Amino acid sequence: MDEHDVTLSRHVLIREGTRAPVTDLALILERIALIGKLIARQLAHASIRDELGYTGDTNVQGEKVKWLDEWTNQVFLKTFAHGFPVCSLVSEEMEEVHHRPENCRENSYAVLYDPLDGSSNTDVNGALGTIFSIRRRAPGHGTKIDDILHPGTEQVAAGYILYGPATQLVYTAGNGVDGFTLDLGLGEFVLWRENLRMPRLGSTYAVNQGNLSKWHPGARKFIEHITSRKDKSTSYSLRYTGAFVADFHRCLLEGGLYLYPGEVTSEGKSKGKLRLMYELAPLSFVAEQARGKGSTGKGRILEVNPSAIHERQPVYIGSALEVDLAEQMRVEG
Ligand code: FBP
């Protein structure tokens with residue numbers, strides 16, 4: 001081990017200004033790091049072990065479940081089985097909160113997560129991710145979730161793991177954003193970048209433009225506006241991977257915008273696809289801590305008061321100037 005190699009747990013323990021005690025954070029992030037290593041290893045072999053494709057089940061979102069969606073969710077459940085100080089798990093793949101009363105103490109936490117983001121990429125060896133959000137639990141809450149259904153400003157930590165050519169973990173605990181790369185030889189996440197700052201302006205945007213006709217006219221005008229520039233230096237290129245985590249990671253490093261506008265329903269309402277509690281709130285926390293922004297198109301995602309654990313919202317997230325422009329152009333009316 002090179003003396004310069006700063007591992008994740010060592011870095012967490014010396015982090016200042018965090019929203020939760022670093023000893024609690026180190027325990028929780030160490031388990032999330034282990035989950036990342038297990039998933040990265042599984043993804044590398046899934047194709048030759050016939051672990052791709054669908055299970056035949058449908059999840060709480062009404063989506064067909066991929067084998068890897070199910071497997072990655074089980075990894076979270078097993079890894080946090082003896083997971084003090086985490087006593088509750090909320091997953092994209094589970095309808096209800098998974099609660100472990102034996103792990104409850106004065107200082108207890110819930111982990112809300114999307115075990116495998118970008119699952120349409122599993123069978124084509126595309127980029128994938130895991131997204132996590134850590135929140136305090138009020139003592140004596142049991143399986144009731146009213147103490148979790150609060151705005152994203154109440155997260156104590158959040159981040160993601162990107163399974164790309166390298167496996168990288170990026171997180172914030174309320175005092176800046178740090179990035180780590182999995183050193184396969186060492187089996188450890190080693191510090192790669194500290195205090196990441198998102199450029200205020202980028203030159204790429206990520207969106208499923210195939211949904212254009214379903215959007216609010218404001219969102220269509222916005223895309224037209226940023227793609228109609230003749231001058232190469234101010235025009236935008238489309239970069240869409242099919243995985244929110246991978247597209248967000250590009251915005252974090254190079255600037256730019258990821259958007260998933262709402263689809264206008266017959267009642268004229270705007271229905272988002274991505275989930276607020278374990279996709280949008282955690283990445284908006286990271287974005288803001290890196291001087292970027294996360295918006296519903298009408299306002300700050302971190303100020304949205306959630307009404308349900310699997311609530312969806314439209315999203316415009318990335319460089320501050322692009323998100324401001326989207327809001328000014330009233331993309332969601
Ligand atoms: P999952 O968490 O179920 O993968 O859904 C989220 C997501 O896959 C994002 O990662 C991605 O950006 C988006 O949905 C892709 O949606 P679409 O296939 O409609 O473009």
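Okay, let's start at Phe244: one of its backbone N or O atoms lies 2.8 Å from an oxygen atom of the ligand. Keep in mind that what's on screen is a predicted model. Gly118 does something you can describe in much the same words, with a backbone N or O atom 2.8 Å from a ligand oxygen. Then there's Glu279, and here we're talking side chain: a polar atom of Glu279 lies 3.0 Å from an oxygen atom of the ligand.

So how much of the ligand does the protein bury? Taken alone, the ligand exposes 470 Å², and 87% of that gets buried by the protein. As for where the ligand sits, the space it takes is the second largest pocket.

Now, who's around it? The shell has 15 residues, and the ones that come nearest are Asp117, Tyr240, Phe244, Tyr258 and Tyr260. Sorted by character, the shell residues split into five nonpolar, four polar and six charged. If you want to place the shell on the fold, look at strand 5, residues 108-117, and strand 13, residues 257-260: each supplies at least two of the shell residues.

Strand 5 also takes us to the sheet. Eight strands make an open sheet, ordered 4-3-5-6-7-8-9-10, with mixed pairing. Strand 4 (98-99) and strand 10 (188-193) are the edges; each has a single partner strand, so one side of each has no neighbour in the sheet.

Let's finish at the strand 10 end. Strand 9, residues 177-183, pairs with strand 10 in the antiparallel sense, over five bridges. To pick out one spot there, Gly179 has Arg193 in strand 10 as its bridge partner.

Methods. Residues are numbered from 1 along each chain as its sequence is written. This is a predicted model: local features need pLDDT of at least 70, side-chain atom pairs count only at pLDDT 80 or more; totals for chains, interfaces and linings use all residues. Side-chain values use heavy atoms; hydrogens and water are left out. A residue is near a molecule or strand if one of its heavy atoms lies within 4 Å of it. A polar contact is a pair of N or O atoms within 3.5 Å; within protein, one must be able to donate a hydrogen and the other to accept it, and residues adjacent in sequence count only if both atoms are side-chain atoms. Accessible areas come from the Shrake-Rupley method with a 1.4 Å probe; for residues, only the protein chains shown count as cover. On a 1 Å grid over the protein atoms alone, a cavity is a set of points where a 1.4 Å probe fits but cannot get out, and a pocket is an open set with protein on both sides within 12 Å along at least five of seven lines; lining residues have an atom within 4 Å of a point. A molecule sits in a cavity or pocket if more than half of its atoms lie within 2 Å of its grid points. Helices (H or I, at least four residues) and strands (E, at least two) are DSSP runs, numbered from the N terminus. Ala, Val, Leu, Ile, Met, Phe, Trp, Tyr, Cys and Pro count as nonpolar, Asp, Glu, Lys and Arg as charged, and the others, Gly among them, as polar. Two strands pair if DSSP finds at least two bridges between them.
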